[in-house]
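Biologist: Before I ask anything, please put the sequence and the model on screen. I would then like to take the helices, the core and the loops in turn.

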Amino acid sequence: MSERLHAIIRASAPGLSPRLWYGMPAYARDGNVVCFFQSREKFRTRYMTLGFSDKANLDEGAMWPTAFALKELTAAEEARIAALVKKASS
């Protein structure tokens, strides 16, 4: 799933550079991490997490989500992730 997530992020926001951030795969714009993902195995949780830093352009009113649990990637989730990453990196 992490390989597919990497492909979605790279295709949706080619301007983001892959890097490691606190040992996690992350994607940065101008040296600032915009999004990252945490493996469930490393953190011993029941799901992988896709997160967004405060540098992500996702502001929506006074409250918005900054992390999402991922148990599987269907076409619907892939489309939502692509849209979020594109918006976050703009």
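Biologist: How far apart are the end C-alpha atoms of helix α3 (residues 75-89)?
Modeller: Helices (H or I, at least four residues) and strands (E, at least two) are DSSP runs, numbered from the N terminus. The expected span of a helix is 1.5 Å times one less than its number of residues, so the 15 residues of α3 should span 21 Å. The end C-alpha atoms of α3 agree with this, with a separation of 21 Å.

Biologist: What pLDDT must side-chain atom pairs have to count?
Modeller: Residues are numbered from 1 along each chain as its sequence is written, and side-chain values use heavy atoms, with hydrogens and water left out. This is a predicted model, in which totals for chains, interfaces and linings use all residues, local features need pLDDT of at least 70, and side-chain atom pairs count only at pLDDT 80 or more.

Biologist: What arc do the buried residues of α3 cover around its axis?
Modeller: Buried means under 20% relative accessible area, exposed over 50%, and partly exposed in between (1.4 Å probe, protein chains only). In α3 the buried residues are E78, I81, L84, V85, A88 and S89. They sit on the same side of α3, because the arc they cover, taken from the directions from the helix axis to the C-beta atoms, is only 130 degrees.

Biologist: Why can residues three or four places apart point the same way?
Modeller: The reason is the helical repeat. An α-helix has 3.6 residues a turn.

Biologist: Which exposed residues does the face of α3 turned away from its buried side carry?
Modeller: The buried side of α3 is covered by elements that include α1 (2-12), β2 (24-29), β3 (32-38), β4 (48-52) and β5 (67-70). The face turned away from that side carries the exposed residues A75, A76, R80 and K86.

Biologist: Which element gives the largest share of the largest nonpolar core?
Modeller: A nonpolar core is a set of buried Ala, Val, Leu, Ile, Met, Phe, Trp, Tyr and Cys residues joined through side-chain atoms within 4.5 Å. The largest one has 21 residues, and L5, I9, L16, F52 and I81 have the most contacts inside it. Two or more residues each come from α1, β3, β4, β5 and α3. The largest share, four residues, is given by α3.

Biologist: Which residues of α3 does L16 touch?
Modeller: Contact means heavy atoms within 4.5 Å. Leaving out residues up to four places away in sequence, L16 touches I9, R10, Y27, A28, R29, V34 and C35, among others. Its list also includes V85 and S89.

Biologist: What is the relative accessible area of V33?
Modeller: V33 is in strand β3, and beyond four places in sequence it touches R19, W21, A26, Y27, A28, S53 and K55. The C-alpha atoms of V33 and A56, 23 residues apart along the chain, are separated by 8.1 Å. V33 counts as buried because its relative accessible area is 7%.

Biologist: Is T49 buried or exposed?
Modeller: T49 lies in strand β4. Its contacts more than four places away in sequence are F36, F37, Q38, A67 and F68. At 14% relative accessibility, T49 is buried.

Biologist: Which residue in the loop between β2 and β3 has a positive phi?
Modeller: Most residues other than glycine have a negative phi. One residue in the loop between β2 and β3 has a phi of about 55 degrees although it is not a glycine. With a relative accessible area of 74%, it is exposed. The residue is D30.

Biologist: What is the phi of R44?
Modeller: R44 is found in the loop between α2 (40-43) and β4, and at 76% relative accessibility it counts as exposed. It is a residue other than glycine with a positive phi, near 50 degrees.

Biologist: What is the radius of gyration of the chain?
Modeller: The chain has three helices and five strands, in the order α-β-β-β-α-β-β-α from the N terminus. The globule rule, 2.2 Å times the number of residues to the power 0.38, gives 12 Å for 90 residues. The chain is as compact as a globular protein of that length, because its radius of gyration, taken over C-alpha atoms, is 12 Å.

Biologist: What percentage of the 90 residues is buried?
Modeller: The C-alpha trace spans about 30 × 25 × 25 Å along its principal axes. Of the contacts with a separation of 6 or more, 39% join residues 24 or more positions apart. Buried residues make up 36%.
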